[in-house]
Amino acid sequence: MPIKKSTKKFEKNHLKDVLGRRKDFAKTKQKQQIKAKRQERNAKDNARAADVEEEEAAKKAKKNQDGSKFADMSVDDFFQGGFEVPEMPKKKGKKSAAKANGVAPTTGKRKRTTPAEDKDLSDAQAEDSGSELGSEDGIGAHKGDLEALKSKDPEFYKYLQENDAELLDFDEDADLAEIDALSEDEDGTTPRKKQKKDTEGSDEVTKAMVKKWGAAMTEKHSLRATKEVVLAFRAASHLNEEDGKEYKYSISNSEVYHELLLIALKHVPEVIKHHLPTKETAAGKIRVPTDSKKYRTLGPLLKSHTTSVHHLLENLSDTATVRLTLDSLLEILPYILSFKKLIRDVVKTVVAVWSDTGSTEVTRVAAFLILRRMVVIGDPGIKEAVLKTTYQGLVKGSRNTTVHTIQGINLMKNTAAELWGLDANIGYTTGFNFIRQLAIHLRSSITNKEKESYKTVYNWQYVHSLDFWSRVVSAHCETLREAESGKESPLRPLIYPIVQVTTGAMRLIPTAQYFPLRFQLMRALLRVSMATATYIPLAPALFEVLNSAEMKKPPKPSTLKSLDFSTLIRAPKTYLRSRAYQDGVGDQVAELFAEFFVLWAKSIAFPELALPVMVVLKRWIKDMSKKNQGNKNGRVNSAIALVVQKLEANSKWVEERRTKVDFAPSNRAGVEGFLKEVEWEKSPLGAFVVGQRKQREQRAKLVEEGRKAEERKRKEDREEEMEVDQGGEFEASEDEEEIDDDEGSELSGRGD
């Protein structure tokens, strides 16, 4: 029978809304409907047949009185009658007639179903979607009805497959029914009354329940058990918190709590991976089937579980549990990228763990792996957010720099530098903005005439920021790496602003107290120059140190310990003009001179590069070695003289080999290939620098061993003091008892 035009119009304009309202009605009323249906079934089973007949007759008479044309019509008769709906009584308006037929008020037509059938289908959907409330008999009966519908009206069954497949595929998705309720707290759209109603009467989680859930998840990958674990894990993550919320489950046993955490953190990602397998490309990109029905159904579960993991991570202190939580979060990361707000919160928390000075190295590496994964698989917005938050965490975590925290800060700088090379274009944009901020701070310090304005630049956070950007360009603009890729890195344009800002900060306050800061920034520039083959003139800045009053005047005798310049940016005032400080500064200057010139030890222009510096240093040594004037510090003068000697030896070595070349200075290929086959360690200056580095490593090792031994000794002393204090208190209490006994005896004697 051909379909009428009105029916097609109804299918186009209103059928989708009708089906949607039907589904919403089934979800919101499923508990009440199933309860009522069970009560009705039990009443019919227990009632007498006559009572049932009388009840049906009464219902039929009532329908006839209402004038309904569908009262005596069965479902089969209705389907055989086509799509024309009998006209309703004229006394009812168009709106009321439409309402009586269960259709939108804008039309008077109705496709196929009656209000009674609407209720049956809603009940069927509710019974099918209930995870624990639906009975096996109800599911079997509903399946039989659908099979009968398939044989009687295959066209309508096909239509349901195309437009309402969830109604038919209830066996496959039986475990997914109540997962939508998990998103109530996260979305904030569900009324508080409904939350309280659904969560009244929390069930106590037992070992048997946890064991049953774990077995179902590992053996069958059950989504029903996963949903229960997620609900229980939500309560576990908010344990002992007075937030006014009620949860389906409660936990009071510590062993159950521990087992539940293990199952939730280990097995939930496995179940999700089983039901939503991903595909990874060669570039590291991961494709998640976000357009599938299972992903849409599992979305609330994923969001709820991730929110619980995030809340747990914010309040954890145990290292092993933090590591396990981070590993679990790494597994589900590809599935939650669409939750932008949640991702931002997760990034902030992970960065806080990564930048915490109290975190162990293993924990920091686990947190970094999450950040790296986000940059690899995330969209440009997520990548930019991760880079910005990471840099902010680095600046915040480097505020307190001591000999105990310097290793953790260097780990942060090295790992964060890797992130900027994963997407160099976004890395350049964010890097340029942050370097510009550093330049603005420097300009403000220069133009501002206030006394304390320089402190916005002369602090550990600013120094670590400049050092970090030097590591970024050194890691990703290395000449060997660019030669392998065949093109320059997009981050190479950042070299010039980094060098300019660093040299400006280095010379902002040229006093002797901030020589350690100058040395820190010089090492950052040496790193950039060595990795990128960029010439940066550092010799004048070093000669400024030698030409200062601190190094030209005789030092005052003192018994102070030598300073560790690797953890200093400002020297204590007690060290100024002391011999310990002058010796330390002299060693640093000699070392940096050698490290600077060894970068160009094989250059064909080394003699011309070193000649002006050798002349200036010889003149300084001559002035400082005079009897009537000078610093009268043989150690410093000898160290500088040794550097000059090695520069002269290296210049002669280069000149000897330069006489054998047959190309002009304009031949760039010949100039760049000069001594290319010779290792820099074979040069006179290179051999000297290698020996100096080994000596410094040995001294640093001895200092580190001494520091550890001193810490152990202090710890033992504190433990002994605590034992002595406890023993003293115990002895004092015994003495007090003896005094009390004596006083008691005296009182008793007086009484006698």
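1. Let's start with N633. Setting aside residues within four places of it in sequence, N633 is in contact with P555, R579, Q582 and D583. You'll find N633 in the loop between α29 and α30. Keep in mind as you look around that this is a predicted model.

2. Is N633 buried or exposed? Its relative accessible area is 0%, and because anything under 20% counts as buried, N633 is buried. Loop residue or not, then, N633 is covered in this model.

3. Now look at the polar contacts of N633. Its side chain pairs with the side chain of Q582 at 2.7 Å, and with the side chain of D583 at 2.8 Å. A polar atom of the N633 side chain also lies 3.3 Å from the backbone nitrogen of V636. Try picking out these three residues around N633 on your screen: Q582, D583 and V636.

4. Turn the view round and take D583 as the centre. D583 sits in helix α28 and is buried, with a relative accessible area of 10%. Which residues does D583 touch, not counting those up to four places away in sequence? They are N633, R635 and V636.

5. Next door in sequence is K632, and it's worth a second glance. K632 lies in the loop between α29 (606-624) and α30 (634-658). It has a positive phi of about 55°, although it isn't a glycine. Most residues other than glycine have a negative phi. K632 counts as partly exposed, at 47% relative accessibility, whereas N633 is buried.

6. A533 is another one to check for its backbone angle. A533 isn't a glycine, yet its phi is positive, at about 55°. Look for A533 in the loop between α25 (515-532) and α26 (539-546).

7. On to the nonpolar core. The largest one has 157 residues, and the members touching the most others are W469 and F593. Which helix gives this core its largest share? That's α28 (residues 579-598), with eleven residues. You've met α28 already, as the home of D583. As for W469, its contacts beyond four places in sequence are Y391, W420, G431, F434, I435, L438 and I498.

8. V350 is a nice practice case. It belongs to helix α17 (residues 340-354) and is buried, with 0% relative accessible area. Leaving out residues up to four places away, V350 touches L313, L326, L329, A367, I370 and L371. Take L329 from that list: it is 21 residues from V350 along the chain, and their C-alpha atoms are 9.9 Å apart.

9. If you want a helix to study, try α13 (residues 223-237). Its 15 residues reach 20 Å from the first C-alpha to the last, close to the 21 Å expected at 1.5 Å a residue. Of those 15 residues, 14 are buried, so by the under-20% cut-off α13 is mostly covered. At the N-terminal end, S222 acts as a cap: one of its side-chain oxygens lies 3.3 Å from the backbone nitrogen of R224.

10. Last, a word on confidence. The mean pLDDT of the protein is 80, with 75% of residues at 70 or more. Where does pLDDT stay under 50? One stretch is residues 66-71, for which the model has twelve contacts beyond four places in sequence. Another is residues 78-139, with 111 such contacts.

Methods
Residues are numbered from 1 along each chain as its sequence is written. Side-chain values use heavy atoms; hydrogens and water are left out. Helices (H or I, at least four residues) and strands (E, at least two) are DSSP runs, numbered from the N terminus. The expected span of a helix is 1.5 Å times one less than its number of residues. Buried means under 20% relative accessible area, exposed over 50%, partly exposed in between (1.4 Å probe, protein chains only). A polar contact is a pair of N or O atoms within 3.5 Å; within protein, one must be able to donate a hydrogen and the other to accept it, and residues adjacent in sequence count only if both atoms are side-chain atoms. Contact means heavy atoms within 4.5 Å. A nonpolar core is a set of buried Ala, Val, Leu, Ile, Met, Phe, Trp, Tyr and Cys residues joined through side-chain atoms within 4.5 Å. pLDDT is the predictor's confidence in each residue, from 0 to 100.
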